[in-house]
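Please examine the structure shown below before attempting the exercises. Each task is followed by a worked solution.

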Amino acid sequence: MVTLCCAFAILILGYAFYGRFVSNVFGADDRKTPAYTKQDGVDFVPLKTGKAYLVQLLNIAGTGPIFGALMGACFGPVVFLWIVFGAVLGGGVHDYLSGMISERHDGASIAQLSGIYLGPAAKWLMRIFAVLLLVFTGTVFVISPAVLMARLTPGVAGEGLWIVVILIYYVLATLLPIDKVIGRLYPVFGIVLIVMAVGILFGILKGGYTIPELSLQNLHPEDLPVWPFMFVTVACGAISGFHATQSPMIAKCMTSEKEGRKIFYGAMLSESVIALVWAAGGIAFYGATDGLFNALSKLGQSGVVYDISTGLLGTVGGILAIVGVVACPITSGDTAFRSARLILAEITGLDQRSIKNRLIITVPLLGIGAILTRLDFNVLWRYFSWSNQTLAMVSLWVATSYLLQKGTRKVYSLLAALPASFMSAVSMTYILMAKEGFGLADGIAYPAGVVFAVALFAIYVYHFHKGVNHV
């Protein structure tokens, strides 16, 4: 319990001090935001700060900090370190800068920003990569709630029917103005996500469960190496490139730059609190990492969430689990497809004020998502996780380039360059080692990952001294 309390304290202090420092480095001011200068009643709509924060939290979270944290907890309490320091030094910086840089560019997508700060080739690469990630994300967050709903309605509605129902909802949420569905429902479900985490923590304490203290020992039952697998498994809650696709959505709606720390950095650290609770709760409830791992293998992620919630909180926990595991992933899935629509609109130039133009983009997107739901969830999650962290790597290099060019002191670009280098090593090492990647031995993958990260950092140092346009 001491470790968990210290972790919460670090996150609070990180928001209060490091988050403020990052905001000061960026130079948030009183200029008019795109919510007013480009207001269109569809995507550019002013939202109050509290609502924008809750929408951002639900956009980036869903069940990511629950599923990922539970799977990451199989490595043992070492996961606490990654969640805390990954969020304060990496995830919060990533989310804040991706959102605020987008806001400075009229709500441009991460793909568009990549073109501005890393060059035209990066723009097209990121357009393809980001749309693929978003489709994967939307698909992942169709399957998990559909599976649970099928379990709750045996003989009435199967998984296939629930997938169709969820996809129909996605059409509406992707097409309608952001304040009609997302702006009204998301704050409610954002509160539910927070209440759910508070309830789990209360249940652990009341039930006398033992929350493990910090240990650097790898306790994964399958002996998967902590590096890089844990750093990819736990994305939401620590650092996640998916957030860079969501932040521009709220960048179009924020009413003041000075509220950016609350909306972007604050939502990221709130997600980390949720991840901490579920990581600790998973190990505590099942007694050890092998018990948690076996439950995940047998019941799946949704089943484990339902098991823990009902076991700790009874009927109330069951209700929270249903709402959390059904509503929360759906509300990340629909914004994933919405973000994909906006990126494709940038590419095609189709004016999104027209419902016809929104349909032209949305229908094929959701059709692809429907086809991908036939794939195995665990395979989808692994590809989602790797592409997620690769996108985080690129987003941080975009932020690095921005700070090099726009910052008053170039040395502050290290705020983004250091986590960017770290994520470069994570992403490269994972894809080289993982069975869904190249399956190479760690004796090859480890040094290759380090060399890749060092090479990118060397390029950064070169541009730091030369001061040229693109990193």
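The exercises that follow treat single helices, a helix pair, selected residues and backbone angles.

This is a predicted model, in which local features need pLDDT of at least 70, side-chain atom pairs count only at pLDDT 80 or more, and totals for chains, interfaces and linings use all residues. Residues are numbered from 1 along each chain as its sequence is written, and side-chain values use heavy atoms, with hydrogens and water left out.

**Exercise 1. Helix α3 and the loop after it**

Determine whether the span of α3 agrees with its number of residues, and establish which of its residues are buried.

Solution.
- Step 1. Helices are DSSP runs of H or I with at least four residues, strands are runs of E with at least two, and both are numbered from the N terminus.
- Step 2. The expected span of a helix is 1.5 Å times one less than its number of residues. For the 12 residues of α3 this gives 16 Å, and the end C-alpha atoms are 16 Å apart, so the two values agree.
- Step 3. Buried means under 20% relative accessible area, exposed means over 50%, and partly exposed lies in between, with a 1.4 Å probe and protein chains only. Nine of the 12 residues of α3 are buried, so the helix is largely enclosed by the rest of the structure. They are Ala-52, Tyr-53, Leu-54, Val-55, Gln-56, Leu-57, Leu-58, Asn-59 and Ile-60.
- Step 4. The cover over these buried residues includes α5, α9, α11, α12 and α13.
- Step 5. Gly-62 follows just after α3 with a positive phi of about 60°, and lies in the loop between α3 (49–60) and α4 (64–72). Gly-62 counts as buried because its relative accessible area is 0%.
- Step 6. Contact means heavy atoms within 4.5 Å. Leaving aside neighbours within four places in sequence, Gly-62 is in contact with Leu-57, Leu-193, Cys-328, Pro-329 and Ser-332. Its C-alpha atom is separated by 9.1 Å from that of Cys-236, although the two residues are 174 residues apart along the chain.

**Exercise 2. Helix α12**

Describe the span of α12, and locate its kink.

Solution.
- Step 1. Helix α12 covers residues 260–286, and its 27 residues reach 39 Å from first C-alpha to last, close to the 39 Å expected.
- Step 2. The bend at a residue is the angle between axes fitted to the seven residues ending there and the seven starting there. In α12 a kink of about 35° is centred on Gly-266.
- Step 3. The helix is mostly covered, with 24 of its 27 residues buried.
- Step 4. Just after α12, Gly-287 has a positive phi of about 90°.

**Exercise 3. The pair α11 and α13**

How are α11 and α13 oriented to each other?

Solution.
- Step 1. Axes are lines fitted to C-alpha atoms, for helices over the stretch in contact, and angles run from 0 to 180 degrees between N-to-C directions. The axes of α11 (residues 242–251) and α13 (residues 289–348) come within 10 Å and cross at roughly 75°.
- Step 2. Angles under 35 degrees count as roughly parallel, over 145 as roughly antiparallel, 65 to 115 as roughly perpendicular, and the rest as oblique. The two helices are therefore roughly perpendicular to each other.
- Step 3. From α11, the contact is made by Phe-242, Thr-245, Gln-246 and Met-249, and from α13 by Ser-332, Thr-335, Ala-336, Arg-338 and Ser-339.
- Step 4. Ala, Val, Leu, Ile, Met, Phe, Trp, Tyr, Cys and Pro count as nonpolar, Asp, Glu, Lys and Arg as charged, and the others, Gly among them, as polar. The contact residues comprise three nonpolar, five polar and one charged.

**Exercise 4. Asp-106, Asp-223 and Pro-228**

Is Asp-106 buried, exposed or partly exposed, and what is the phi of Asp-223?

Solution.
- Step 1. Asp-106 lies in the loop between α5 and α6 (110–118), and has a positive phi of about 60° although it is not a glycine. Asp-106 counts as partly exposed because its relative accessibility is 39%.
- Step 2. Asp-223 is in the loop between α9 (182–206) and α10. Its phi is near 60°, a positive value in a residue other than glycine. With a relative accessible area of 60%, Asp-223 is exposed.
- Step 3. Pro-228 is placed in helix α10 (residues 226–233), and the peptide bond from Trp-227 to Pro-228 is cis, with omega near 0°.
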